[in-house]
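I opened my notebook to look into two things: spaces shut inside a protein, and charged side chains that pair up. Come along and follow on the structure.

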Amino acid sequence: MPSIDLGESIPPNTPHAISVSLPTWKSNIGYEEGEGWVMNSLTSAYPRFGIHKSIQAFARDIVAKYGQAGQTAMLFPTKRIALRCVEFMKERVPEEAAAGLDTVTLILDPSKKVPETLRSIKPAVSAVLCSQDAFPFAKQYWQHSGDGVSSRRAEFSHGLFNEGLLVLETPATSSPRSPQSKIFRGPRRYQRPGSIDGFALGGSGNGNGNGNGAGKENGKGNGKGNGTAGKGDNVEDKAEAIESSRFLEERYGRNLDLSLVDNAKSAIRRRIAGVLTTDVDLTASLPTMSPNARGLTNLKEDDIYLMPCGMNAIFTTHQLLLKARGPGKSIEFGFPYVDTLKILQKFGPGAVFYGRGSDAELDDLEARLRDGGERFLGFFCEFPGNPLLTCPDLARVRRLADEYGFAVVVDETVGTFVNVNVLPYADVVVSSLTKIFSGDANVMGGSFVLNPNGPHYAALKKAATEEGGFEDTYWAEDAIFMERNSRDFRSRIDGINANAEAIAAVLRAHPLVKQVYYPLYNESRPHYEACRVPGVRGGYGGLLSVTLRTKAQAVAFYDALDTAKGPSLGTNFTLTSPYVLLAHYQELDWAASFGVEPDLLRISVGLEDNLEDVFRKALQAAESVAAEGN
């Protein structure tokens, strides 16, 4: 998927894309610096870093109807989550910026007759209304927690709102809007998706970006409406129009409706368990799930929880640990994905950070536990880590956890359960389904799995089922797309494993390459092998990182590389980024102190043919740069 213009979505022409094209080194710097030539070109952004234009459009309309002049809004799927955001903000917002901080919750009008199927998917939205000065704190919560509404939920709910079917649950406590201001309601029609990822139910944006990192909005969407609700239509007719809307995906040539959402979620959970490896007919009852999965003997489907995104799985797991075990510091072991550490630091008593994730650091932790008497809530790590692809000694971690009472939480997003089985060593395994489980880069999702044999299982299960525990906020339409995308998950992993090994070999053989980070070659390989699925199935994954001898060579290599280039990973196509620049631009020296060099390139390998030639050509471009260049 090469030659994607600056600012175009990745994949191109995909309204719910999860990446955006930054095709040159300079454009990545421009993005981080907020330069207009980059920011004004963006048609999308990674969904937790830039607010999707459909969410922005709905938020503007909510503020226009229920807010005050100068306010803005952040949207969440439930009132409880919105109130949690408010509490986070109250602890941080300066007093002068806190005026007008409020919430409104919109639900299906209980007085209207609508199909039960529509009510069952809960197209509710809760908005946190706040001043422009307070909004950055709402955005902090939104980004760290992953609790925000998805773009598809926003589009669907916005359509109901425009038609008067989504109304206040209770009267707003904020001051009423000025009577002369009017809300733009858009055309009175319902839209049905007309492509793999088309807009639905008329919630698309039509203005410019609001300066919060989402970039500009480029039109009113690309899904033409094929059904019109005229002015004389009654509510029942409109409800029937919604009920009959289908989620159409050209690639499969099938229609699925809302009544199949529960079966779609069940199929996803079973794929995560590893017991569903073939295609499935969602219109039929799924067979009983075998409990012999993931190296365990009694794993049940209800031990697998689906979330709106991977970061929300980590956030929810941490919240459940606090609820089940009480307050306590956690351990972040290994160089982390940026928001994982923020969650541990900002939503609890804090964290002890071991940034290299080495055996020596595990020695230090053991000494703190044994000699210092310290105790911890949980141990959080990735397997392998991102971006250095190192692996902790999980067998030793499990022994320490059993002896000293902390819970083990392992993020397997990079490794994937096809390649590695970490659940026997963990109390909770979390994953971003947005990545290779989906592969198509057009839908978000996450999961966490409780180990039924773990020492903290009963407490975590109780915390999840009690009031204030787990909320299923995974939007119905996102589940439909995720189920379809994941049907060939296992076979795609095989091809990506093979391609990644081939690319790693090409890079390692070139004299300009300083270091290749890949589980097959890292010093921590024995720890990876201890968890690798035996036989031909378990490979070394599709993610690798590389550094070149000089910055100038890294820039030349990146600019010449004929792959898609932007944030995210785990796509069916190869996706490259100067990861450290994007994730740690304001803290490059801090990252370097843990061995993560600022010019590191991260490569998420895809399924394309002839990838070795693509990388050889980019290396030739690096050869043209003088060795002393910097």
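**Salt bridges**

I started with Asp-147, which is buried in this predicted model, because its relative accessible area is 3% and anything under 20% counts as buried. I then looked for its partner: Asp-147 and Arg-84 meet in a salt bridge, 2.8 Å from N to O. Asp-147 sits in the loop between helix 6 and helix 7 and Arg-84 in helix 4, so the pair ties together parts 63 residues apart in sequence. Arg-84 itself is partly exposed, at 22% relative accessibility.

Next I stayed with helix 4 and checked Arg-80, where the closest N and O atoms of its salt bridge with Glu-471 are 3.6 Å apart. Glu-471 lies in the loop between helix 14 and helix 15, so this pair ties together parts 391 residues apart in sequence.

How many salt bridges did I count? The total came to 31. I also noted one network, in which shared partners join Asp-363, Glu-366, Arg-370, Asp-371 and Arg-396.

**Cavities**

I then turned to the enclosed spaces and found 6 cavities of 30 Å³ or more. The largest holds about 130 Å³. It is lined by 16 residues, and among those closest to its centre are Val-414, Ile-436 and Gly-542. I sorted this lining into 7 nonpolar, 8 polar and 1 charged.

The second largest cavity has a volume of about 90 Å³. Its lining includes Ile-436, Glu-412 and Lys-435, and divides into 6 nonpolar, 4 polar and 2 charged residues.

Conventions
Residues numbered from 1 in each chain as written. Predicted model: local features only at pLDDT ≥ 70, side-chain atom pairs only at ≥ 80, totals over all residues. Heavy atoms only, no water. 1 Å grid on protein atoms, 1.4 Å probe; cavity = no way out; pocket = protein on both sides within 12 Å on 5 of 7 lines; lining within 4 Å. Points joined across faces, edges and corners; volume = space filled by probe spheres on them. Nonpolar A, V, L, I, M, F, W, Y, C, P; charged D, E, K, R; others polar. Salt bridge = Lys/Arg side-chain N within 4 Å of Asp/Glu carboxyl O. Helix = DSSP H or I, 4+ residues; strand = E, 2+ residues; numbered from the N terminus. Buried < 20%, exposed > 50% of the residue type's maximum accessible area, 1.4 Å probe, protein only.
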